[in-house]
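I sat down with my coffee and this model to look at how its parts meet. Here are my notes, in the order I took them.

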Amino acid sequence: MINEETLHKVSEQLRQAMITSSEKPPGMDWSKRPGSSEICCNPEEFGDHSVVDFSRFIVVHGAGSFGHFQASKSSVHKGQLNKPLVKAGFVATRISVTTLTLEIIRALAREGIPSVGISPFSCGWFTRERQVSSADLSSVAKAIDSGFTPVLHGDAVLDEILGCTILSGDVIISHLAAYSKPEYVVFLTDVHGVYDRPPTEPDAILLKEIAVSEDGSWSVLKPKLQNSIELTVAAHDTTGGMQTKISEAAMIAKLGIDVYIVKAATSHSLRALTGDLRRDIPDDWLGTVVRSSR
């Protein structure tokens, strides 16, 4: 199930980060509502909004409960597309993730963000033993140049060796960052950031700053830890969970791009999205920043 309240808040914060004007632009979701035959659209609302100044953002979301269950049950991430169960799971996974991305696009559109969906499977993303082997980014580039906000998602894709696999949203973000060189990257999660152990444990410590070396290795700068770090992966998560997130964040940080991992729909995520943290990380900010040690 979608957490409608969180989705609305995240969409609202993205609008605040993208649009300099304090006035909310008119909504763009003209879909028919359940039980209604009317389409809500007033063309006159757009008369004074033809030159709204948007910052350029790319949105990427994971599958969450929408896709990981189907992928896990059918072992799509392991390949063997010739098996009927795997093929069925591939189809079921794509139905789930595209359903989710449509709801996210609609939520962004209701905030006046001109968002368009771009599915990796449909746009030429392929893997080779689960590593991206080719990705046609022309659709993303053209969408941005045309004033749209591309929305991509974790997806079931074809793999040159395995037959098929799951391409995680975190890997997509890393690939896009290397291509587009953004000012910063924000990972929105359901916890405040990266912890030294499962955050549900009473003594879990939030890691405030992680430094990444040129060889890709990383170390915790703040706070100073006495014990080792334990990163866990949910049983249904076929893409690596927080382990993959940190690994891809480290790859992005190596490019000289700061990465903020922060809880969605909070005042802390708003500060990250608006770029307020690029100058300094306040002591009262709850989240994890991953940056190059250079």
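How many residue pairs are in polar contact between domain 1 and domain 2? I found six such pairs, with both residues at pLDDT 80 or more. I should jot down here that this is a predicted model.

Next I looked up which elements supply the domain 1 side. Helix H1 (4-18), helix H2 (64-74) and helix H5 (169-180) each give two or more residues to the side that touches domain 2. H1 brings the largest share, with seven residues. By residue class, I noted eleven nonpolar, eight polar and three charged residues on that side of domain 1.

Then I went back to the bounds. The domain assignment puts 1-18 and 51-182 of the protein chain in domain 1, while domain 2 covers 183-294. I read 21 Å between the C-alpha centres of domain 1 and domain 2.

How many residues of each domain are in contact with the other? I have 22 on the domain 1 side and 25 on the domain 2 side. Together, domain 1 and domain 2 bury about 1900 Å² between them. Of that area, 69% is on carbon and sulfur atoms.

Last entry: salt bridges. The rule finds one across the interface of domain 1 and domain 2. I also looked up Lys245, which forms a salt bridge with Asp170. The closest N and O atoms of Lys245 and Asp170 are 3.2 Å apart, within the 4 Å cut-off for a salt bridge.

Terms used:
Residues numbered from 1 in each chain as written. Predicted model: local features only at pLDDT ≥ 70, side-chain atom pairs only at ≥ 80, totals over all residues. Heavy atoms only, no water. Domains from an automatic or database assignment. Contact = heavy atoms within 4.5 Å. Buried area = accessible area lost by both parts, 1.4 Å probe. Salt bridge = Lys/Arg side-chain N within 4 Å of Asp/Glu carboxyl O. Polar contact = N/O pair within 3.5 Å; in protein donor to acceptor, adjacent residues only side chain to side chain. Helix = DSSP H or I, 4+ residues; strand = E, 2+ residues; numbered from the N terminus. Nonpolar A, V, L, I, M, F, W, Y, C, P; charged D, E, K, R; others polar.
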